[in-house]
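Colleague: I have the new model open, and I would enjoy a slow tour of one part of it rather than a quick summary of everything. Please pick the part you would look at most closely and walk me through it.

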Amino acid sequence: MPHRASRSTLPLHHPADGPTPRAGEDGFTLIEIMVALAVFSLAAMALVRLESATIRGAAILDETLVAQMVARNVAIAAVTDPQAPALGRTTGTEVNGGRSWTWTRIVSGTGDARVVRIDVAVANAAGSIAGRMTMVRPPMAAPPVGVAAS
């Protein structure tokens with residue numbers, strides 16, 4: 001039976017692999033590992049900050065979108081109401097998106113007495129303006145014959 005070399009007698013280094021490594025050169029040093037961890041932690045912190053900015057931006061976008069919907073609702077109500085809104089400032093509150101919004105509507109005249117400009121500003125719970133809308137109310141057409149104006 002031929003003699004097989006045991007695992008402990010096999011060479012660990014083949015001459016084609018280059019020069020024989022010296023003791024202690026076959027792994028990473030503590031300094032190299034610490035530098036790698038420092039670089040990784042900087043990259044991880046950058047990603048955490050980016051995620052935080054993304055979440056903050058999404059919250060601002062959500063608030064702005066709902067505030068714009070409130071402003072549009074208030075402005076469209078004034079434009080489509082059969083009775084033209086009175087000139088001046090009007091304030092009110094509306095609940096939309098599970099939040100309470102305070103709106104201010106300013107109706108001002110234009111060069112034509114039948115046409116008015118309607119500016120709406122919507123504030124969040126903190127009181128800062130989160131949405132705006134401007135519309136122009138054109139002269140209302142006369143109701144069709146046989147239909148009473150309300």
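Modeller: Two strands count as paired if DSSP finds at least two bridges between them, and the strands themselves are DSSP runs of E, at least two residues long, numbered from the N terminus. With that in hand, let us look closely at the sheet, and at β3 in particular, keeping in mind that this is a predicted model.

A good place to start is V120, which stands opposite M133 in β4. That pair belongs to the antiparallel pairing of β3 with β4, which extends over 8 bridges. The hairpin made by β3 and β4 has 5 residues between the strands, and there G127 adopts a positive phi near 95°.

Now turn to the other neighbour of β3. Strand β2, residues 99-109, pairs with β3, residues 116-123, again in the antiparallel sense and over 8 bridges. If you want a pair to click on, take T104, whose bridge partner in β3 is A121.

Stepping back, the whole sheet is open and has 4 strands, in the order β1-β2-β3-β4, with antiparallel pairing. The edges are taken by β1 (88-96) and β4 (129-137); each has a single partner strand, so one side of each is left without a neighbour in the sheet. From one strand to the next, the twist averages 20°. Helix α1, residues 30-80, lies across β1, β2, β3 and β4, and runs at about 25° to β4.

The nonpolar residues bring us back to V120. The largest nonpolar core has 18 residues, and W101, I118, V120 and V122 are the ones that touch the most other members. At least two residues of this core come from each of α1, β2, β3 and β4, and α1 gives the largest share, 8 residues. In general, side chains in a regular strand alternate between the two faces of the sheet, which is worth having in mind as you step along I118, V120 and V122 in the viewer.

W101 deserves a pause of its own. Leaving aside its neighbours within four places in sequence, W101 has contacts that include E63, V66, A67 and V70. Its partners also include G92, T93, E94 and N96, as well as V122, A123, N124 and A130.

Charged pairs complete the picture, with 3 salt bridges counted. In one of them, D119 and R117 meet through their side chains at 2.9 Å, N to O. D119 has a relative accessibility of 19%, and the limit for buried is under 20%, so D119 counts as buried. Its partner R117 is partly exposed, at 38%.

Another salt bridge joins D62 and R99, also 2.9 Å from N to O. This pair ties distant parts of the chain together, with D62 in helix α1 and R99 in strand β2, 37 residues apart. D62 is partly exposed, with 38% relative accessible area, and R99 is partly exposed as well, with 29%.

There is also the salt bridge between D112 and R114, whose closest N and O atoms are 3.1 Å apart. Here D112 is partly exposed at 28%, whereas R114 is exposed at 56%.

Note on methods
Residues numbered from 1 in each chain as written. Predicted model: local features only at pLDDT ≥ 70, side-chain atom pairs only at ≥ 80, totals over all residues. Heavy atoms only, no water. Axes fitted to C-alpha atoms, helices over the stretch in contact; angles between N-to-C directions. Contact = heavy atoms within 4.5 Å. Salt bridge = Lys/Arg side-chain N within 4 Å of Asp/Glu carboxyl O. Buried < 20%, exposed > 50% of the residue type's maximum accessible area, 1.4 Å probe, protein only. Core = buried A, V, L, I, M, F, W, Y, C linked by side-chain atoms within 4.5 Å.
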